[in-house]
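Dear colleague,

I am handing over the structure below, together with notes on what came out of going through it. Could you read them with the coordinates open beside you?

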Amino acid sequence: MKKIQFWGILFVLGMFGLQAQTDSLLVKPYLQYATQNSIHVLWETTAPASTLVEYGEAQLDAVAPNLSLKATLAGNRLLHEVPIDNLKPATKYVYRVTTVFEGGKKIVSPVYTFGTAVNDEDAYFFAFIGDSQRNSRTPKAWQRIAQRIWGDRPNFIVHAGDLVDSGNKKTDWTEHFFPYGHVAMSRFPMYTVLGNHEEDAQLYYDYFVNPEPEYYYTFKYGNAQFFMVDTNRDVREGSEQFNWLERELANSTATWKFVVHHHPPYSSEENDHGDTAIGASSFGTDEGRNLVPLYEAYGVDFCLYGHTHVYERSWPLKNNAVDTKNGVIYINSGGAGGGLEDFDPTRSWFTQELETGHHYTTFAIFDNQLLFKAISDQGRLFDTFQLQKDSHNASAQVVQPVPARIRSEAYVFEKSTQVSLEPFRPNDAVYYTLDGSEPTQSATRYTKPFTLKGSAELKSRSYTPDGKASRMVSKSFERMAAIPASKVAGLQKGLRYKSYEGEWNELPDFNSLKPVGKGVVKTASDQAFPHRDDNFGVLMEGYLNIPETGTYTFYTYSDDGSQLFINDRLVVDNDGAHGKMEQSGTVILKKGYHKIKIGYFDMRRGHTLSAGFLENRLRVPFHPGQLWH
């Protein structure tokens, strides 16, 4: 018995020792979202542990770090996200983190430093990079870039997306991005946008701290304002992000305006925009180009992006031509780690400088002066220029006023709905029509909210006092009766599906094609049926069980195109070749079973399909109990 007790004690002690060995930092401390008065410190542990950040203002002639202040979070956790507030602008601080595991092991990090955002009138310096994802041929390229950035001591870092190769793969974050970037990210905050390789993964939202809704936001630093956009989502005219960016740019009083997103409006890459070895190029993507009219209308200085793994700087451009006085400069810096690409063999009309190779870029700014550099991972300076603004007046010239915002309690309704038009500026005059005709100054002038009792195609324009007209905005309103449910019996769970293979730019007529597979799916997802990696499609059909009579908003979220039909009525049109994009539509349905049909195709480079209800703007996928055949 004593022997059994002895070996049992040894076993328990061994297990405690093993646990102590595995209790460690999975992600070392790094910085996020600094302002003049705050910053966030994050790290991740392999097991639940306590959270403590010790910090303090750096002292002159210090013999030990000033760690007199503390920030903690109650309880134990894996991912530690600590906001630190009440800081001084343009000030250096020291910090370290302490974390204690449930087994008693304590880890104290080295002492690091950070600086709060500078005063509006101060000089500042930032690094801009894109596409740091893992690359099997040169897997440590991102490590070299991060080391170079650390050597330049920037105030902050801006990243144009594709931080990792697969956003849903945890080890891409914990074994590549964070460990290789630690030397810089532990000292300088990084402001990011989503690339297509992030896959809109929850891990991205967990690891990065940005203002809501996180996939787009704006921040100010010094006398600059940065507008961070997700071009994986819809950025076409009238979309949520387009309207947001238009208003933010119109309101901006910053001396320097930077728009950052992933996809290129202008690019000379060799085969992303057409096979240039044998043909022509489209010179960029629609995802990147949709926003260009806003850049030109509201005084954007630079558009920064990645996606193609090259370096390219354009001439100043406006109206699709070189304009050295009023143009926007486009910089493609996609060389922080991904596999390298090359250029069209024929020079593009908009290109000023180009380079192949891993690299990063920097901006040094004071007042109306800017110094730009592009530097290889070996430290070679291969592009630089200086820019001085002629005027200190930061307000954007009103080339085109911002349109009024259309508001309504419901765009699909049974009896009536109230509509309001909110002008961007109080002295704008708003005119509208309800029959789909052009809203000139001869149309009805908006004075107060009104009630619609029938379907209408509302179109509106705003006019400034001197007669400048905004772009036209429109919204469809539909009065409809609730659609009756189908009378069906003997249903079984799931939707029937047929899968197909082929290359399409839009949804084909699947009924004219021969399927390669068929069966029943429990969910409306690309994960629900077998398929190859690229160039495939699916048609799902059956019935949707609606629990109560009411108004329902449906969505599809897909890469590439998708459509959703209810009772043979097209409710969601998300067709076309595109990255991950959400579209929605609304219909009024009676309680019971309704015919549903979902079509989807994938072109290449990733695939996603999700369909369901939108509830308070949140996607709620169909669950198996709602789908029948």
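The side chains of D200 and R619 come together in a salt bridge, with 3.7 Å from N to O, in what is a predicted model. D200 sits in the loop that runs between strand 9 and helix 4 (202-207), while R619 belongs to strand 39 (residues 618-621), so this pair ties together parts of the protein that lie 419 residues apart in sequence. The structure holds 21 salt bridges, and another of them comes up further down, where two domains meet.

Strand 9 also takes part in an open sheet, which is built from 6 strands in the order 9-8-7-19-20-21 with mixed pairing. Strand 9 (190-192) and strand 21 (381-388) stand at the edges of this sheet, and because each has a single partner strand, one side of each is left without a neighbour there. From one strand to the next, the twist averages 20°.

Within the sheet, strand 7 (residues 124-129) and strand 19 (residues 359-366) run antiparallel and are joined by 5 bridges; A127 stands opposite T362, the latter being in strand 19. Helix 2 (residues 141-152) lies across strand 7, strand 8 (156-159), strand 9, strand 19 and strand 20 (369-376), and its direction makes an angle of about 20° with strand 19.

As for the domains, the assignment of the protein gives domain 1 (25-115), domain 2 (124-165 + 211-388), domain 3 (405-479) and domain 4 (495-628). You will see that domain 2 is assigned in two segments, 124-165 and 211-388.

What does the contact between domain 2 and domain 3 look like? The C-alpha centres of these two domains lie 36 Å apart, and the contact draws on 8 residues from domain 2 and 6 residues from domain 3. About 610 Å² is buried between domain 2 and domain 3, and carbon and sulfur atoms give 38% of that area. On the side of domain 2, the residues that lose the most area to domain 3 are E237, R247 and A250, which together make up 70% of what that side buries.

E237 is also one half of a salt bridge, since its side chain meets that of R471 at 3.5 Å from N to O. Between domain 2 and domain 3 the count comes to 2 salt bridges, and there are 4 residue pairs in polar contact, with both residues of each pair at pLDDT 80 or more.

With best wishes

Terms used:
Residues numbered from 1 in each chain as written. Heavy atoms only, no water. Pairing = 2+ DSSP bridges. Helix = DSSP H or I, 4+ residues; strand = E, 2+ residues; numbered from the N terminus. Axes fitted to C-alpha atoms, helices over the stretch in contact; angles between N-to-C directions. Contact = heavy atoms within 4.5 Å. Domains from an automatic or database assignment. Buried area = accessible area lost by both parts, 1.4 Å probe. Salt bridge = Lys/Arg side-chain N within 4 Å of Asp/Glu carboxyl O. Polar contact = N/O pair within 3.5 Å; in protein donor to acceptor, adjacent residues only side chain to side chain.
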